Amino acid sequence: MFHLHVIPALKDNYIWLLENSHNQVIIVDPSEAKPVINYLNYHELLPLAILLTHHHIDHVGGVSELKTKYPDIIIYGPREINLPITYLTNQNEVSIGDFNFEVFHLPGHTLGHLAYYCHPYLFSGDTLFSAGCGRIFEGTYQQMLSSLKKLKQLPDDTLVCAGHEYTLANLNFAKNVVPDDKEIMVYFNSIFNKSVTLPSTLNKEKQINLFLRCEEKSLQDKFNFNDELDLFVFFRSLKDNF
């Protein structure tokens, strides 16, 4: 029913477009406007709305120019964004034409961070990356862990459309921490020469993403921790300095 597009932007950002059968698209996290406008023109696509995950400039930088270019476009996002948009704080879903998104509040990277899910597409912003998770800038470790656990409950066929191309760096970290993990090594080798590694699947992330595996007793024992939060804090602290 829908078709997914990805536009690389800035250094390693991704702008996601979800297209319906009428050549209409939802734009997710436009860090800059020009590549989006060029892409829409080239593929003859009509933008309906913009979904924003959080307030960082590399996710909202193109919004004002896109709104000027397409005045009818509707913009949705969390209240932490200081722009004239429709705020989604306590809503469970948002419908735009024939698109219907479940909205998740995921504090951790920022306090108001949202993600959008339209099966099987998950636009996870800077909360869940392939083989990693976002830095904790405004929230707490517990909040980020809880946010990741919330996403982990989605179906295994969920396509993880993250905000950045960080997969190789995340896997480099993971194989340094658990060099004997065969799943991580095999996946690292499979994506080593790919410039675009997303979307990933949630099923794959459950196998190779250490931040989704902190409840595993074998990992807790390996690093001498008794619960998943302590292990998560350990992994996130290591990654921050890797």
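Start with helix α5 and helix α6, which cover residues 167-177 and residues 182-191 in this predicted model. Their axes come within 10 Å and cross at roughly 150 degrees. Angles over 145 degrees count as roughly antiparallel, so that is the label α5 and α6 get with respect to each other. The crossing between α5 and α6 is left-handed.

Now look at who does the touching. From α5 you'll find T167, L168, L171, N172, A174 and K175, and from α6 come I184, M185, Y187, F188 and I191. Sort the residues of this α5–α6 contact by class and you get eight nonpolar, two polar and one charged.

Next, follow α5 over to another partner, helix α9, which spans residues 228-240. Here the two helices pack at an angle of about 120 degrees, and their axes lie 11 Å apart. Because of that angle, α5 counts as oblique to α9. This crossing is right-handed. On the α5 side, A169, N170, F173 and V177 make the contact, while α9 brings F235, L238 and K239. By class, that contact has five nonpolar residues, one polar and one charged.

So where is there empty space? Rolling a probe the size of a water molecule over the atoms shows it. The largest pocket has a volume of about 220 Å³. It is lined by 13 residues, and those closest to its centre are F129, R135, Y166, R236 and K239. You've already met α5 and α9, and each of them supplies at least two residues of this lining. As for the chemistry, the lining divides into five nonpolar, four polar and four charged residues.

Methods: Residues are numbered from 1 along each chain as its sequence is written. This is a predicted model: local features need pLDDT of at least 70, side-chain atom pairs count only at pLDDT 80 or more; totals for chains, interfaces and linings use all residues. Side-chain values use heavy atoms; hydrogens and water are left out. Axes are lines fitted to C-alpha atoms, for helices over the stretch in contact, and angles run from 0 to 180 degrees between N-to-C directions. Helices (H or I, at least four residues) and strands (E, at least two) are DSSP runs, numbered from the N terminus. Angles under 35 degrees count as roughly parallel, over 145 as roughly antiparallel, 65 to 115 as roughly perpendicular and the rest as oblique. A crossing is left-handed if the near helix is turned anticlockwise from the far one by less than a right angle, and right-handed if clockwise. Contact means heavy atoms within 4.5 Å. Ala, Val, Leu, Ile, Met, Phe, Trp, Tyr, Cys and Pro count as nonpolar, Asp, Glu, Lys and Arg as charged, and the others, Gly among them, as polar. On a 1 Å grid over the protein atoms alone, a cavity is a set of points where a 1.4 Å probe fits but cannot get out, and a pocket is an open set with protein on both sides within 12 Å along at least five of seven lines; lining residues have an atom within 4 Å of a point. Grid points are joined across faces, edges and corners, and a volume is the space filled by probe spheres set on the points.
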